[in-house]
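This report goes through one chain, from overall contacts to sheet, helices and backbone details. Please keep the sequence and model in view while reading.

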Amino acid sequence: MKRTGFLYDKRYLLHDTGPYHPERAERLQALHQGIHDAGYLSHLTHMTGSLPDMQWVQAVHTAEYIRRFEELCLGGRRTLDCEDNQMGPDTWETAKLAVGGVIEAARRIMANEIDNAFCAVRPPGHHAEAGEAMGFCYFNNVAIAACYLQKQWGIKRVGIIDFDVHHGNGTQDAFYTDPNVLYFSTHQHPLYPGTGSVHELGAKAGEGYTVNVPMLPGCGDEEYQAVFEDILAPIARRFNPELILVSAGYDAHWADTIAQMNLSVSGFARLTEILKVLANLACQDRLVLCLEGGYDLKATPLSIAATLNVLFGKKEFDDPLGQNEASSKPSNFYSHLKTVKDIHHIK
Ligand SMILES: [Zn+2]
């Protein structure tokens, strides 16, 4: 059994996006209830949010953006930068508590107090740019944690793996020229935000350290597993990260209506198993998963429970939602896979 940290804080419910927004507090309530119902709470090391040292936030975001976010939020504005990003009076505080919680999870792993962790935070982070809120994201939790690990702990190589159904444009941009951070993303294409072409490879010294695997709608467990085994695994072994951060979005589940992918609960468990093996081989199990998207109130909690089950090393897990029987697979997936492998010189 592994020592698995679980970050959850009722204050994450206070970020009020209004009644019609997909990224709403009920997501976290449902996932906490799901983990409770699965009987997993007693297997986990519990963590709560905390306010971060703002120097880590400033390592990713501009001072102008941080000031604008604070002033507009506390001044009563309901949106930041575009209509997607709804705010309530507590959004500024909640976003900081999310960042601080993820940093604390990373700290505990580095201090060898836990082996791996799941951070059930909101707001999510991977779309947030240096100077702009995007796609329900305000502060880029994972990118900030990567900077913290580099600067505070002297970590040389951070692996970031993003299986949210959307491309993590903000994370990619934060490390586009940095050869010390590997950014690997699977995402539906075409879909918001439109970035993440297979030809976006990083630039300057960072060339080759951004790896995008756009996936056509309809891809499911088999296709994701093939990408993780045939592309991610050799690239991760080559890069040899000292810690792996994961932008864990569950909106590629077939029941999630925000996209058109076909992953199942068992599929997410399988991807987690592969991540766990990679972390074991490369970096003494150091693996931090951080919630991004996932909007179906049944599929997301079940998928996260299955993820935790793998993280702490229990065996059996029942997938009551099963597979999407109505699915049709995209044609020419394997020729696309070959193209991506060729671009990244994988034999
Ligand atoms: Zn997403």
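## Contacts and overall form

Among contacts in the chain between residues at least 6 apart in sequence, 78% link residues at least 24 apart. Two residues are in contact when their C-beta atoms, placed from the backbone, lie within 7 Å. This is a predicted model: local features need pLDDT of at least 70, side-chain atom pairs count only at pLDDT 80 or more, and totals for chains, interfaces and linings use all residues. Residues are numbered from 1 along each chain as its sequence is written.

The chain holds 10 helices and 10 strands. These are DSSP runs numbered from the N terminus: helices are H or I with at least four residues, strands are E with at least two. The radius of gyration is 18 Å, close to the 20 Å of the globule rule for 347 residues, so the chain is as compact as a globular protein of that length. That radius is taken over C-alpha atoms, and the rule is 2.2 Å times the number of residues to the power 0.38. The C-alpha atoms fill a box of roughly 55 × 50 × 40 Å along the principal axes. Of the 347 residues, 52% count as buried. Buried means 20 or more other C-beta atoms within 10 Å of the residue's own, exposed means 12 or fewer, and partly exposed lies in between; C-beta atoms are placed from the backbone.

## The sheet

Eight strands form an open sheet with parallel pairing, in the order β2-β1-β5-β10-β9-β6-β7-β8. β2 (44–47) and β8 (210–215) stand at the edges with a single partner strand each, so one side of each has no neighbour in the sheet. The twist averages 15° from one strand to the next. Two strands pair if DSSP finds at least two bridges between them.

β7 (residues 181–188) runs parallel to β8, and six bridges join them. Y183 has T210 in β8 as its bridge partner. Helix α8 (residues 265–283) packs on the sheet, where it touches β6 (158–162), β9 (243–248) and β10 (287–291); its direction makes about 160° with that of β9. Such angles run from 0 to 180 degrees between N-to-C directions; axes are lines fitted to C-alpha atoms, for helices over the stretch in contact.

## Strand β10

Which strands pair with β10 in the parallel sense? β5 (residues 116–119) does so over four bridges, and β9 is joined to β10 by five. On the β5 side, N116 stands opposite L287. On the β9 side, A248 stands opposite L291.

Five of the five residues of β10 are buried, so the strand is largely enclosed by the rest of the structure. In a regular strand the side chains alternate between the two faces of the sheet. In β10, L287, L289 and L291 point one way, while V288 and C290 point the other way. All of these are buried.

## Helix packing around α7

Two packed helices are described by the angle between their axes and the distance between the axes. Helix α7 (residues 221–239) and helix α10 (residues 333–343) have axes that come within 11 Å and cross at roughly 25°. They are therefore roughly parallel to each other. The bands are: under 35 degrees roughly parallel, over 145 roughly antiparallel, 65 to 115 roughly perpendicular, the rest oblique. E223, A226, V227, D230 and I231 of α7 make the contact with F333, L337, V340 and K341 of α10.

α7 also packs with α8, at an angle of about 10° and with axes 10 Å apart. This pair is therefore roughly parallel as well. From α7, D221, Y224, Q225, F228, E229, A233 and A236 take part. They meet S266, G267, R270, L271, I274, L278 and A282 in α8.

## Backbone details

Where are the cis peptide bonds? One joins R122 and P123, with omega about 0°. P123 is in the loop between β5 and α5 (141–153). Another joins H189 and P190, with omega about 5°. P190 is in the loop between β7 and β8.

N112 is not a glycine, yet has a positive phi of about 60°. N112 lies in the loop between α4 (91–110) and β5. With 10 C-beta neighbours inside 10 Å, N112 counts as exposed. N332, also a residue other than glycine, has a positive phi near 50°. N332 sits in the loop between α9 (299–312) and α10. N332 is exposed, with 10 other C-beta atoms within 10 Å.
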